[in-house]
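Reader: Hi! Could you take me through one part of this model closely, the open sheet, and then show me what else is worth a look around it?

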Amino acid sequence: MAGLALIRRPIVAAFAAAVVAAFSAGPALADFDGFVRGLWPEAAARGVSAQTFSRAFAGVTPDPDVLAKSRRQPEFTETTQEYLAKRVSDARIARGRAMAAAWRPTLDAIERTFGVDRYIVLSIWGNETNFGQKLGGHSVIRALATLAYEGDHRRYFRRELLVALKILQAGHVSPAAMIGSWAGAMGNPQFMPSSFEAYAVDFTGDGRRDIWGSVPDSLASAANYLRRKGWQSGKTWGYEVVLPPGVAARRGKSETLAAWSRMGVRRPGGEAFPRPDDRAELILVAGRSGPAFLVLKNFFVIKRYNASTNYALAVGHLADRIRGGGPFATPWPPEQASR
């Protein structure tokens, strides 16, 4: 490879020896050693130095906890009621309101710059890492290497791992501080490396896009992501509604809010819908006996962050609660299915 040819042979030899020393002689680790060796030409071609590569993989072995967690994703295994109870708890609402006050000037600037509702940005932060309290605890390099080595989507995670090495090379973070989820989602906004590369911003102007230690960089990066995915400034994610008999949800079918009103769909408190020309889709996550929602384009923008309907509802509802809104008016039925 051209990138490898630019590295002096003694440096390559020293790097290879360091990698071999990092692993025991067992067959599985020997295979993993071969996997790491196979990454080097691709990493070098992307501008990753031997020193950065060696530091990133020093002492790294497959993480058995990562594969176990990859098969348990609460967005798709819990009911909506269970999921929201955890994500929109009284404690999280209170902490969100405290963060809104503590970071008011930063949120003012982010809202002016990106046009994304501050409470949605705060809710993303709350849902992803409980406002920075739970960044994941996994080494991103180790997690991605494990999934690229023996996960279900190896090609995808191999690409993400190579991007993560580029992030280290650029000096945005050290290997030790590059922590995240079992899937390699990083920092406060839980960006995958490719999302970091495309959407993370240096909002503080210090030359680093620090989504681990800088709250301004983290919140601005989340806002930039949503803006780039099509967030409509000044509009909401959706509304809880009460349905008349005979009105049913049809996936992918949208109507204007004025049209829904003519069908007898109303908000629980009887308030009029603002912007009656906005288009919305009706979703019923618990059947007709549970809460019903008219969701707008911004709801589907949130789903670009995480494809789960449960997640998008949690982000929208937590944002509304931090803003000062109340709980859903319609109670959840005892038994209801997750979507």
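Author: Happy to; below I start with the sheet and its central strands, then turn to a helix pair, a covered helix and a few single residues.

A word on the basis of what follows: this is a predicted model, in which local features need pLDDT of at least 70 and side-chain atom pairs count only at pLDDT 80 or more, while totals for chains, interfaces and linings use all residues. Residues are numbered from 1 along each chain as its sequence is written, and side-chain values use heavy atoms, with hydrogens and water left out.

For the overall setting, the protein has 17 helices and six strands. These elements are DSSP runs numbered from the N terminus, helices being H or I with at least four residues and strands being E with at least two. Of the 339 residues, 52% are buried; buried means under 20% relative accessible area, exposed means over 50%, and partly exposed lies in between, using a 1.4 Å probe and protein chains only. Looking at contacts between residues at least 6 apart in sequence, 70% join residues at least 24 apart, where contact means heavy atoms within 4.5 Å.

Now to the sheet you asked about. It is an open sheet of four strands in the order β3-β6-β5-β4, and the pairing is antiparallel. Two strands pair if DSSP finds at least two bridges between them. β3 and β4 (254–256) are the edge strands, each pairing on one side only. On average, neighbouring strands of this sheet are turned by 35° against each other, direction ignored. The axes behind such angles are lines fitted to C-alpha atoms, for helices over the stretch in contact, and angles run from 0 to 180 degrees between N-to-C directions.

Let's zoom in on β6, which spans residues 292–295. It pairs with strand β3 (residues 238–241) in the antiparallel sense over four bridges, and Tyr-239 has Leu-294 as its bridge partner there. Strand β5 (residues 279–284) is also joined to β6 by four bridges, again running antiparallel. From this strand pair, Leu-282 has Leu-294 of β6 as its bridge partner, and Glu-281 stands opposite Val-295 in β6. Leu-294 is thus a bridge partner of both Tyr-239 and Leu-282. Both faces of β6 are covered: Ala-292 and Leu-294 are buried on one side, and Phe-293 and Val-295 are buried on the other.

Next comes a helix pair. The axes of α14 (residues 215–228) and α16 (residues 297–305) come within 9 Å and cross at roughly 120°. That makes α14 oblique to α16; angles under 35 degrees count as roughly parallel, over 145 as roughly antiparallel, 65 to 115 as roughly perpendicular, and the rest as oblique. The crossing of α14 past α16 is right-handed, meaning that the near helix is turned clockwise from the far one by less than a right angle, with anticlockwise giving a left-handed one. From α14, the contact draws on Ala-222, Tyr-225 and Leu-226, and from α16 on Val-301, Ile-302, Arg-304 and Tyr-305. By class, this contact holds six nonpolar, no polar and one charged residues. Here Ala, Val, Leu, Ile, Met, Phe, Trp, Tyr, Cys and Pro count as nonpolar, Asp, Glu, Lys and Arg as charged, and the others, Gly among them, as polar.

Helix α11 (residues 140–150) is mostly covered, with nine of its 11 residues buried. Among those buried residues are Val-140, Ile-141, Leu-144, Leu-147 and Tyr-149.

Finally, some single residues in the loops. Gln-190 has a positive phi of about 55° although it is not a glycine. It sits in the loop between β2 (179–180) and α13 (193–199), and Gln-190 is buried at a relative accessible area of 13%. Arg-275, in the loop between α15 (257–262) and β5, is another non-glycine residue with a positive phi, near 50°. Arg-275 is partly exposed, with a relative accessible area of 32%.

Asn-130 lies in the loop between α10 (118–129) and β1 (138–139) and counts as buried at 14% relative accessibility. Not counting residues up to four places away in sequence, Asn-130 touches Arg-92, Arg-95 and Trp-125. Gly-325, in the segment after α17 (309–323), is partly exposed, with a relative accessible area of 29%. Leaving aside neighbours within four places in sequence, Gly-325 is in contact with Arg-97 and Asp-320.
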